[in-house]
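Notebook open, model loaded. I want to know what sits in the middle of this thing and what lines its pocket.

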Amino acid sequence: MLALRLRELTEHGIVRRRRLLPAGVQVYELTPWGAELEPIVIGLGRWSSKSPSFDSDAPIGADSLALSLKALFDPARADTLDATISLSIDEDRLTVRIEAGRIDVTRGEAVRPDLALTADSNALAAVMWGDGAIDDGTLKIGGDLDLAARFVTLFPLPTPADDLREADA
């Protein structure tokens, strides 16, 4: 099923195959046209986070976490923050750049970050959206503790939508 979907996405110009050197591994990446889907995917992420049955304790991978950061980022809370944050999540490395009320999340190691956070994705999600505390030991913090405390508040969950099941009853 996955091979079929990737073939269809390639045929329609949304993704392309590329060989990574020196290993020669084949990867799929978005084409420039496919990358234009990002605002739509982020909008869907923001919409789904309002689900009355949203489970903030559900397991989350690094890619989903990156999309969540983009979808839930609150520019008003960021205010004038100018910072680079390195996230080491499981085996993945993400760089979060916040500047002028905007966020950019990319794969890869940050160069001279203002803050480095290391945790598994579920522990970081628990600190940001669940019942985890920034000082509960599941999150390793390298850098400014005040910046870490502020960073995790920049991505509030929206108020859940009315439970439509109750309205139908």
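**Entry 1: the strand in the middle.** I started with a pair of leucines: Leu-87 stands opposite Leu-94 in S4. On its other partner strand, S6, the bridge partner of Leu-87 is Leu-117. Note to self: this is a predicted model.

I then looked up the strand pairings themselves. S3 runs antiparallel to S4, with seven bridges. With S6, S3 (residues 83-89) pairs in the parallel sense, over five bridges. A second pair I noted there is Ile-85, which stands opposite Leu-115 in S6.

The S3-S4 hairpin has two residues between the strands, and Asp-90 takes a positive phi near 55° there.

How much of S3 is buried? Seven of its seven residues are, so I put the strand down as largely enclosed by the rest of the structure. I checked the faces separately. Ala-83, Ile-85, Leu-87 and Ile-89 are buried on one side, and Thr-84, Ser-86 and Ser-88 are buried on the other.

**Entry 2: Ile-89.** I picked this residue of strand S3 for a closer look. Ile-89 counts as buried because its relative accessibility is 1%, against a cut-off of under 20%. Leaving out residues up to four places away in sequence, I listed what Ile-89 touches: Ala-62, Leu-65, Leu-94, Ala-119, Asp-120, Ser-121 and Leu-124. I also took a C-alpha distance from Ile-89 to Ala-123: 9.3 Å in space, with their positions 34 residues apart in sequence.

**Entry 3: S6 and its other neighbour.** S6 (residues 115-119) has two unlike faces: Leu-115, Leu-117 and Ala-119 make up the covered one, while Ala-116 and Thr-118 are on the uncovered one. S6 also pairs with S7 (residues 140-143), antiparallel, over four bridges. In that pairing Leu-117 stands opposite Ile-141.

**Entry 4: the helix after S6.** I moved on to H6 and asked how many of its nine residues are buried. The count is eight, so I wrote it down as mostly covered. The buried ones are Ser-121, Ala-123, Leu-124, Ala-125, Ala-126, Val-127, Met-128 and Trp-129. They pack against H4, S3, S6 and H7. At the start of H6 I found a side-chain oxygen of Asp-120 within 3.0 Å of the backbone nitrogen of Asn-122.

**Entry 5: the core.** Nonpolar side chains tend to be buried together in soluble globular proteins, so I pulled up the nonpolar core next. The largest one has 34 residues, and those with the most contacts inside it are Leu-69, Ile-85, Leu-87, Val-96, Ile-98, Phe-151 and Phe-155. Elements giving two or more residues to this core are H4 (62-72), S3, S4 (92-99), S5 (102-107), S6, H6 (121-129) and H7 (145-151). H6 gives the most, with six residues.

I followed up on Val-96. Again leaving out residues up to four places away in sequence, Val-96 touches Leu-69, Ala-83, Thr-84, Ile-85, Leu-87, Ile-103, Asp-104, Val-105 and Phe-151.

**Entry 6: the pocket.** The largest pocket holds about 480 Å³ of space. I count 14 lining residues in the listing, with Leu-30, Glu-38, Asp-63, Leu-67 and Lys-70 nearest the centre. The elements that give two or more residues to this lining are H2 (32-35), H3 (38-48), H4 and S5. H4 supplies the largest share, four residues.

**Entry 7: a lysine at the pocket.** Is Lys-70 buried or exposed? Lys-70, which is in helix H4, comes out as buried because its relative accessibility is 18% and the cut-off is under 20%. Its side chain makes a polar contact of 2.3 Å with the side chain of Glu-38. Beyond four places away in sequence, Lys-70 touches Glu-38, Ile-42, Arg-46, Ile-103 and Val-105. Lys-70 and Glu-38 are both among the residues nearest the pocket centre.

**Entry 8: whole-chain numbers.** I left the totals for last. The chain has eight helices and seven strands. Its C-alpha trace spans about 55 × 45 × 30 Å along the principal axes. Of the 169 residues, 31% are buried. For contacts between residues at least 6 apart in sequence, 56% join residues at least 24 apart.

Notes. Residues are numbered from 1 along each chain as its sequence is written. This is a predicted model: local features need pLDDT of at least 70, side-chain atom pairs count only at pLDDT 80 or more; totals for chains, interfaces and linings use all residues. Side-chain values use heavy atoms; hydrogens and water are left out. Buried means under 20% relative accessible area, exposed over 50%, partly exposed in between (1.4 Å probe, protein chains only). Two strands pair if DSSP finds at least two bridges between them. A nonpolar core is a set of buried Ala, Val, Leu, Ile, Met, Phe, Trp, Tyr and Cys residues joined through side-chain atoms within 4.5 Å. Contact means heavy atoms within 4.5 Å. A polar contact is a pair of N or O atoms within 3.5 Å; within protein, one must be able to donate a hydrogen and the other to accept it, and residues adjacent in sequence count only if both atoms are side-chain atoms. On a 1 Å grid over the protein atoms alone, a cavity is a set of points where a 1.4 Å probe fits but cannot get out, and a pocket is an open set with protein on both sides within 12 Å along at least five of seven lines; lining residues have an atom within 4 Å of a point. Grid points are joined across faces, edges and corners, and a volume is the space filled by probe spheres set on the points.
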